Each structure stands twice: as structure tokens, then as C-alpha cells.
Number of protein chains: 2
Amino acid sequence: MSVEAQEAVDALFNPRSMAVVGASANLAKWGHIVPSNILRDGYRGRLYLVNPRGGNILGLPVHRSLSEIGERIDLVMITIPAEMVRGVLDDCARAGVKVAIVISGGFSESSPEGKRMEEELVKAARARGIRLVGPNTMGIYSAPWSLTALMPPVRPRAGHIAFAAQSGNLGTQMLGWGSHWGIGFSRFVCVGNECDLDFADYLEYFANDEETWVILLYVEGFKRPRRVLELAREITLRKPIVIYKAGGTEAGKRAAASHSAAMAGSQEIYKGMIRQAGMILAETTEEMLDFSDALVKMPVPRGERLAIISWGGGWGVVEADLCERQGLEVVPLPSEVKEELSAILPSYWSKGNPVDLVGIVNLEQHARCLEILADHPAFDILISLGTINAAAAFGMSDSPVQAPPEGRDVFAVRSRYVREGTNRFAEKVLELMNRLEKPIITVGMPQRDDGDSELDGLPHNRLCIYTNPERAARVAAMLVERGRYLRSRG
Amino acid sequence: MSVEAQEAVDALFNPRSMAVVGASANLAKWGHIVPSNILRDGYRGRLYLVNPRGGNILGLPVHRSLSEIGERIDLVMITIPAEMVRGVLDDCARAGVKVAIVISGGFSESSPEGKRMEEELVKAARARGIRLVGPNTMGIYSAPWSLTALMPPVRPRAGHIAFAAQSGNLGTQMLGWGSHWGIGFSRFVCVGNECDLDFADYLEYFANDEETWVILLYVEGFKRPRRVLELAREITLRKPIVIYKAGGTEAGKRAAASHSAAMAGSQEIYKGMIRQAGMILAETTEEMLDFSDALVKMPVPRGERLAIISWGGGWGVVEADLCERQGLEVVPLPSEVKEELSAILPSYWSKGNPVDLVGIVNLEQHARCLEILADHPAFDILISLGTINAAAAFGMSDSPVQAPPEGRDVFAVRSRYVREGTNRFAEKVLELMNRLEKPIITVGMPQRDDGDSELDGLPHNRLCIYTNPERAARVAAMLVERGRYLRSRG
């Protein structure tokens, strides 16, 4: 009768059938919002709605109970008030449910009575062979099934980051930001109160999941830190784990306690543990996405020697400062590289690393200079500033508002030239990364993307483009550290 | 015959007439690109083109010399090779030119001979009563004159930040990023090699310029640090000065020396000087824009007590951590505030600061809770996370791609509800800031804006919206520090 955690997590992310218990015709109820989110994103399994009142909702018949459906149900999502949840477990058991997501709040995070109710719920579920996600969770996402079983209206982008978050609001907004910035996810779970399934269970599943290349964790506190450590130490040899540890200060700890019933613990102990297990610590929420995306899209460098190339001098100065502060080696240019670059660039170019392209307008020459640096064995990792998406960076548009009649064509031509030139530059970056297996980090304005199929076809979504040199330097340092870690463990 | 620096800078930013010397019909030459940029943005003065060959370019007649124009010319922009620049000074003098922008490179930044040529140029210009900007500059921007006299195709947004940059590429890209993010500028100058007019001159002008509310500097090294210090100490009592000091590390110093002929100097000495003069140090290029924009759009807080309000718990935890690390006081909620909030929020809300809105969907209630906090004298500054631009944050759209026929209306309704709700929330933030003179910092996805007049009408462009809690915490700390500084100087 007992269901192993891994079998339950597998059902959670790959349900052939699922049901929403507490389905409602009321637009403002989660029992309506959650199934409408599931339908919108085109869940590939079979979705059933359950409510004792029956009827029709969202074009689907409403079943009076799970067992009435007459089919084995892999996953249920329970949207009814806390005190009623336990009452539906027998029905779940009869329908063969393996795992239930309990989105209801009012359990251990809110009061001692809630905590008792939660403990009894776990006991009752275990006795019936049902594993639990949450309670107090915002749900899950699973890309291979186009399953967006979430409370907020977020529409995640499919990709290769698996994300377990101890905050639904933070986690789901990050999914939305990822959609905005071309960052995709394989799986997402808001762990909630972790009354049953916990971080260690999800981590173990992600480790063996082929859809997942990088694992991302937002953690206030672990229930089983030893188990997580043990798993992570093994997983990080194969897949990177990026982790953000919240709740380090007194103000944060107080907030975390009331938020997810997590004891935040000592930040120093956690950080030591994280490093020891080879996990990558994101120091900011921005780094959570930046690091995860970089590890999906770029190879890990074989060494630590960095070349910087920038369209204009200032960005090179700033980036060189930043990289040196991050402990990266901005190494001198070999003489043959200087000669090759001198054949392309005006006589007054910088003749050093960073390579200053001194504002030259020919973008094919930018690409050629990048290639010279990338091809040379003296460099393991590159940062390119200013060229990528230059049209977007300068706020250029093909349809100027105020151009005089004589000038209009000139601007359209120039804007198109820059746009096409930076697109070819992006293609070159991708080609070099693939051919040489060296990371090339770019700094510029991201192209805008709302799932526009025209933009989706561009190489930009397969590149890492950062809006400022600080983000690029931090990502470079992270990649170098990841390479060092992998070499240190052979 | 001699022109005072301030008179020259005034002519630079307010030229009733200007000429481009070296105008060209060749699309790839700066002598074509610069005047086409000027024409496109609708310069409000009179533009003349000069080239000994004559003809017609961009629909304008080309004059063979400046004196041939037969009118006093306030400003010239010289786009001819370095060694030819001195040769046009007599013509400039005859036309009564007060100030010349020399964009040509190949002067002191590139070689000892270039340095000698630059010194001779300055001497010759002084003798003729002409002041110089550059050489090796990318030009200027001046909002009241719609004057975009720049080499790159950037289209700055009009606003109230005056920006002097020792890098044209960095400076002009930041103007473009500003356009993207709703950040506007009053004036911009790329200082170039500062052979004549320098940072101190521009700073003095910005101090007395009514269009300018905040001054932004990107500096590799000052020519007259003492004078800058003296000016800044007086200016910062009235107008904030935000400064980014590049070239702190050895790699950065080497890069700066070849870039702008600046001696980067000791970073520690500079930082001490910056603080002593009450300038605000941006530690990252992102902070250059974040801080300047915040100082334009938000009042300075009267004290240091902070309230945090977030749609969901996780963001509150993260922000509380960050603010405490920044030395901000996340003070307890007064009991009457708790009571007022309890009348609105579900019983399981956090009952502390940060205020966790526990995911409630009614956005009018978010606005009401924000108002309760803002209205109370216990708080001097507020951060709101998750509510602003929630539709954008979640990647919502009015036209879902895959909605089933029955679901389509539901999504349009919900998306519109969220969009309208967050717009009303934005209006409320503005109203509270105006009425109470307390800064309210928001975290969310910015609305997209390409100068679309519909979006320009929204309140979002008048708010500070940061894409992550780290930026919000840094801005809050900066504003609190600014308030402390002003109070300390009475």
C-alpha cells in the first residue's frame, strides 16, 4: 500500500490523469483558477474536475467524487479549506491516487492547531498510500506534459531548469520572469510546508530526470539537511545545483518563520554545507536565474583565463575592474593575437586585454575579432560587451517617428544593418561556443520576447545576454568556479 | 576675445545655431551619421552643414565654409581627421563660434605625437576665443533643444538627469537603456580627452541648470579633483550627484589609460573624496541608472524606518534580509496598524513587518494595506513587492495562445482585471508619494515601453519599479543615506 517518495514524485511530474478536488464555477475561487490555468496551457494528460455538487465548469463535466470517474487518477490537486482536506482522502485512495497537492493554507504555518491538523493529515495519507505535496503550496509545473497546475496566472517557458521553491509567490514570479527573458524550466514545485515530500525527495528526482540539466533551489530551511547534503555531493558531479538561501538576518528569520513554518537556522552553517556539497550559492535572486540559465546555455570553461572584448573603451574598463575583483585572470594578449587583431582594427586600438574595438562600425569585424580570441588556446572564457543586440541597446527602431523625408531611408537602412549585423554576431557566438566548447558571455539589451515565433527563431534565446557588466562578471566567476570544482573532484 | 567656460557650456547645451564641419554624403562617415541623428530627433535650432566641396546632403545645402553661412554659429561639431582640425579654427573664429565638439580620435589617448597635437590645438583655440569639448568624444545631447548630436544611433528620452561620461560607448548605451526603461535625461556630454572643458565645468553648469534635478558622472579620473570636490560639496546640498568611479583594479587602470588618457589614481583616495563631498557612489553601472532615476522620481525620506509589504511571503523574507544587511530598520508594526490590517487580511496573515498579503487576489486590498502603512507616522520609507505590474510579472497577456473556446473569456477577463488592478495600484503609489512625501519603492516586472504614447500615459513611467528585491534594497539604503546627509548638513 505504501508509495515510495520517488514513485510519488514521478507521478507528480508525469501524471497521465489528474483531478482538481474542489472545482468551482466561481471565477474568484482557486477551484476555478487552477483548472483554467491547466486547460490554458494544454495539459497533455486527462483532467477531471470534482465537486459533490456536480454540474459543468470550463466546458468539463464535474464529477461528484474521484471514485465516480471510474479511472485510476495519478495526481489530485486539493483546493478545499484545510479542515476538509482529510475528509477526501478515502475517496482519493479508492481512485488509486498516488500523490496529492494540498494548496490550502491554515496548517502548521499559521497556528499550533494547524500544526496538529497537518500531522494528522500526514498520518491519514500515509495509511492510505498517498503522498502529499504542501500544504500551503502554489502548485507545480511540468514541461513535458505542458502541465501548469499553479495558482497564479504565470505561463512558464519550457526548458531545462528544475526549480523547487519554498515560496510560491517568489517561485512563480520567477517562472514569469523567465518567460520574459527566454529562460525555460523543465519542472517546478512549490514545496509549501513539506509535511511529507520534501526538498530531498524533489532533489533526488531532478537528479535522475533527463529533462533537467540544472537544478535550482530557493530555500528558507531544510527539513532533512543531512540527506540534502549527501544527495547534493553526488549530484553536483553530474548536474549543477544553484541555491538561494533566504532568512539569514534576524528580520528575515522572523519573516520566514511566519511564512513557511521553516526554522531558518544559522546562515553560516548553511553556507558551509552548500559549498562542501559543491552547490552553487546565488547571492541574489537575480543570480538564481542568471546562474541557472548560464549553466543550461553555456559549456563549463576548461581553465580560468579570460578575454574581454568591447565595442567601446568604457565598458572594457568597467568589466576588467569587475573581473579582477571576482578573482578572474584578465591575461595579456599573446603577440600573434595582437598581430591578427591589428590587421583588422585601426592603428589606435588598445593592443591589450580588454580588447577595445574603438567604436568601429563594421559588425563583421567585431565577429572576426571575437573569433580570433575564441580560437586561441590562451583563453578559456570570453566576455563580449556592446555588440550583441546593439539595435536594442541603442533604442533603434525600423520606423523612426520624426525622421525628415530625406532621412527616413537612411535610418531604416542603418537600423536594419545594425539589427542584421548583431543577429549574425549572435549566430557567430553560438557557433564558436559549440565548436570550441568555451563559454562566451555577452552584455547588451535583451531582445524582447513574448513567445513571438519570429523572435523565437533568433539565436538570442540560446545565448546568455546580460544587461550590465556586473552580471556578466559574476556569471564568469561562477562558471570558472564550477570548472575548478569539477576538476578538483576528477 | 576669451570665452568663459560657463558661457561655452551654455552655448554647447543651448545652441541657437550649429554646424557640422566635415559633412559627408557617404552613409558610413560620421559626417553623415551625426547630422542625420540631429535631424531625426528634430533639433529646434538651425543646423548647417559645411564641406569645401559644397553640394546637397540630407536635403540641406552644404556650405563651403562656416563664414560663408553669413550667421553667427554658436556650436560646431568637427568630424574631420585629427591632423586637419586645427586648420578650421580660423573659419570657426570668423563665424563667432563659442564652442567646438571635436569627435576625432588620434590625439592624446593614442600617442605622444597625438598629445602634442592636442596641446597645440588647445592653444590655437584659446587664442581664437573658442572652447573645446573632447577630442575623442561621441558628442552631446540636450533635451530642451531636442538636440541629439551623437555618433551612435541612440535616441535618448527627455528627463531630468544630466550625465557627463568619460566613455562615449558606455554613456550612449546608458542613454538607450534609459529610453527602454523610462529614464530620461536633460543633458549628456561625453567628456572625451578633456583637453579644455572638463568635468568641473560641466558640473558647475549642471548645478545651475533648471532642467537638471540629478547629476550623474561616469569617471575614470578627474583632471581637477580639487575643483570637483569644492563644487560638489556645495552642489550636493541642493542636487544629488551620483558617481561611478571606474578603473579601480590594475586591469581596469591599464584599460583606462589606453582608453581616455586618464590616470585612474587611487580608488581609495577617490572614494574618500566622493563621500566627503556628499556625492552618492554607485557601486555598479546598474546603480548609476537606478540611483539617478530614484532621486528624480521619489522624495528623500525624513527618517530611516522601513515598512515592507509583499503579495507573498518569500519576497518579504528576501527583502527583509536584504534591507537588514543594508543597515535599514525593518521596525515592528504599531498595534493600531496591525488592527487596521487585520480588518482587511485573512486571519493567517503575518502580523509583522514585512507585511505578507498571503496571496490575496483582491488588488484593491493591496492598495488599501499600502495606504495604511504609508499613512502611519511610524514609517519613513516603503517597499512594495509583487503587486506592481503583476500582469507583466506573470507573463499574462490579453490574447492567450492556446485557450480552449470555453476558457478564452475567463483569461481575457482575469488578465484585464489584473492589468487594471495593478494600474490603479500604480496610481495609488503615486498619489501616496505626492501626498505624504515618502518614497515608495516597487518590485515587479517593468511595463514595456518603446515610447508608445498609450504606455507613456500610464503612471508606471513616473514610478521606480525594480526587477528584483536587491535593487530595491540598495535604492532604499541610498535614499536613507541621502536623507541622513541632508539632515547632517542642516
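A residue counts as buried when 20 or more other C-beta atoms lie within 10 Å of its own. Keep that cut-off in mind while touring this predicted model.

**Chain A.** Select chain A and colour by burial. Of its 490 residues, 60% are buried. Switch to cartoon: 19 helices and 20 strands appear. Along the principal axes, the C-alpha atoms of chain A fill a box of roughly 80 × 55 × 40 Å. The radius of gyration is 26 Å, which agrees with the value near 23 Å for a compact globule of 490 residues. Now look at contacts between residues at least 6 apart in sequence: in chain A, 74% of them join residues at least 24 apart.

**The core.** Next, select A:Val76, A:Ala476, B:Val76 and B:Ala476. These have the most contacts inside the largest nonpolar core, a set of 339 residues. Zoom in on A:Ala476. Beyond its neighbours up to four places away in sequence, A:Ala476 touches A:Leu306, A:Cys323, A:Gln326, A:Leu328, A:Ile381, A:Ile383 and A:Ile441.

**The contact between chains.** Show both chains. Chain B gives 88 residues to the contact and chain A gives 87. On chain B, several helices give two or more residues each, among them helix 2 (30-40), helix 7 (168-181) and helix 19 (469-488). Then pick helix 13 of chain B, the source of the largest share, 11 residues. Colour the chain B side by residue class: 36 are nonpolar, 36 polar and 16 charged.

**The symmetry.** Finally, superpose the chains. A turn of 180° with a shift of 0.0 Å along the axis lays chain B on chain A, at an RMSD of 0.0 Å. That is how a two-fold axis relates copies. Both copies use the same surface: 99% of the contact residues of chain B recur in chain A.

How values were computed: Residues numbered from 1 in each chain as written. Chains lettered and ligands numbered in written order. Predicted model: local features only at pLDDT ≥ 70, side-chain atom pairs only at ≥ 80, totals over all residues. Contact = placed C-beta atoms within 7 Å. Helix = DSSP H or I, 4+ residues; strand = E, 2+ residues; numbered from the N terminus. Nonpolar A, V, L, I, M, F, W, Y, C, P; charged D, E, K, R; others polar. Core = buried A, V, L, I, M, F, W, Y, C linked by C-beta atoms within 7 Å. Buried ≥ 20, exposed ≤ 12 C-beta atoms within 10 Å, placed from the backbone. Least-squares fit on C-alpha atoms with pLDDT ≥ 70 in both. Rg over C-alpha atoms; globule rule 2.2 N^0.38 Å.
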